[in-house]
Amino acid sequence: MFGAASGAVLPSIGITTGNCFCGLVGAGRREYTMMGDTVNLAARLMQHANGDVIVDHNTYVESVKHINYDIREAIFVKGKKSSVPIFSPDPERNTLTSMNLVKDLKYIPLVGRAAEIENFTNTLSEHLSFFDSNNLKWKYQIDPSSPKPQKRVIHLTGDVGIGKSKLGDEFINIACRSTPKLLVVTGEAQENDKYCFNPWIPIILNLTGVLATKLANEKIQ
């Protein structure tokens, strides 16, 4: 949808939560798709969004602890006999800090990879053992005779599709839930990156508090 004044493209988004079919359909030429009432409702909400974001009641219930919503007037959509309650995120009240998307989210641990997870957990615990949580300082900063922690790097390598990204996500989940609380930042190198500093862009933006909407291809001086 185009904005009447500026001519800018305004995306209309409908979000629903629920069960649906996901898989191959069709005879002859088959395609991978998603079907069901949940998918259909998302499409109907998108049609009513008018350059905004609309979510259904299930999505509202699952995310209201982390996102501030405006309650909108219920609407009638095709395929529903009764009106549908809808909600929209309030951009004025939602920030990266207020949403706090890491804390209190439902955590589902990774199945398998026990040896790798144990290795990472032990390494993290050993490193944090050098930190004084009460004084929020490294122990050597309080007592010069205490040993300094060694710098650690964990390198994941393996064939494509073996699950390196998922395992990396699990490491991040473990670090986010550790005590003392850690500042966890991530960066990702895209294939055929032209500049070697690209993986550092999201890290620097997070550390400096710059919103992720800043153009990632800008050169950071």
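The accessible surface of the whole protein, computed by the Shrake-Rupley method with a 1.4 Å probe and, for residues, with only the protein chains shown counting as cover, comes to about 16,700 Å², and 56% of it belongs to carbon and sulfur atoms. The model is predicted, so that local features need pLDDT of at least 70 and side-chain atom pairs count only at pLDDT 80 or more, while totals for chains, interfaces and linings use all residues. Residues are numbered from 1 along each chain as its sequence is written, and side-chain values use heavy atoms, with hydrogens and water left out.

**Whole chain**

Begin with a cartoon view, in which there are seven helices and eight strands; these are DSSP runs numbered from the N terminus, helices being H or I of at least four residues and strands E of at least two. Colouring by burial comes next: of the 221 residues in the protein, 20% are buried, where buried means under 20% relative accessible area, exposed over 50%, and partly exposed in between (1.4 Å probe, protein chains only). Among contacts (heavy atoms within 4.5 Å) with a separation of 6 or more, 49% are between residues 24 or more positions apart.

**Helix α1**

Select residues 37-49, which form helix α1. Its 13 residues reach 18 Å from the first C-alpha to the last, close to the 18 Å expected at 1.5 Å a residue, the expected span being 1.5 Å times one less than the number of residues. Show the side chains of Thr38, Leu41, Ala42, Leu45 and Ala49, which are buried. Viewed down the axis of α1, these buried residues fall within an arc of 105°, so they line one face of the helix; the arc is that of the directions from the helix axis to the C-beta atoms. Adding β1 (13-15), β4, β5 and β6 to the selection brings in what the buried residues of α1 pack against. Just past the helix, α1 is followed by Asn50, which has a positive phi, near 55°.

**From α1 to the loop between β5 and β6**

Now select Lys80 and Asp37, which form a salt bridge with the closest N and O atoms 2.8 Å apart; the term requires a side-chain nitrogen of Lys or Arg within 4 Å of a carboxyl oxygen of Asp or Glu. Lys80 lies in the loop between β5 (69-75) and β6 (84-89) and Asp37 in helix α1, so the pair ties together parts that are 43 residues apart in sequence. Both ends are partly exposed, Lys80 with a relative accessible area of 30% and Asp37 with 45%.

Val77 is also found in the loop between β5 and β6, but at 7% relative accessibility Val77 counts as buried. If residues up to four places away in sequence are not counted, Val77 touches Leu41, Arg44, His48 and Val84. A C-alpha to C-alpha distance drawn from Val77 to Ala43 reads 10.0 Å, for two residues that are 34 apart in sequence.

**Two further salt bridges**

A search of the whole structure finds four salt bridges. Move to Asp52 and Arg72, whose side chains meet in one of them at 3.3 Å, N to O. This pair links distant parts of the chain, with Asp52 in the loop between α1 and β4 (53-55) and Arg72 in strand β5, 20 residues apart. Asp52 is partly exposed at a relative accessible area of 31%, and Arg72 is partly exposed at 30%.

The next stop is Glu116 with Arg113, where the side chains meet in a salt bridge of 3.5 Å, N to O. Glu116 counts as partly exposed at 30% relative accessibility, as does Arg113 at 31%.

**Helix α4**

Extend the selection to residues 114-128, helix α4, whose 15 residues should span 21 Å at 1.5 Å a residue, in agreement with end C-alpha atoms that are 21 Å apart. The buried residues of α4 are Ile117, Phe120, Thr123, Leu124 and Leu128. They cover an arc of only 130° around the axis, which puts them on the same side of α4, while Ala114 and Ala115 are exposed on the other side. To see what covers the buried residues of α4, include β7 (131-132) and α6.

**A surface patch**

Finish with Phe197, Trp200 and Ile204, which form a nonpolar patch on the surface with about 290 Å² of accessible area together. Patches are made of residues with over 30% relative accessible area and no salt bridge, like charges being joined within 9 Å and nonpolar side chains (Val, Leu, Ile, Met, Phe, Trp, Tyr) within 5 Å. Phe197 is found in the loop between α6 (164-176) and α7 (200-207), and with a relative accessible area of 33% Phe197 is partly exposed.
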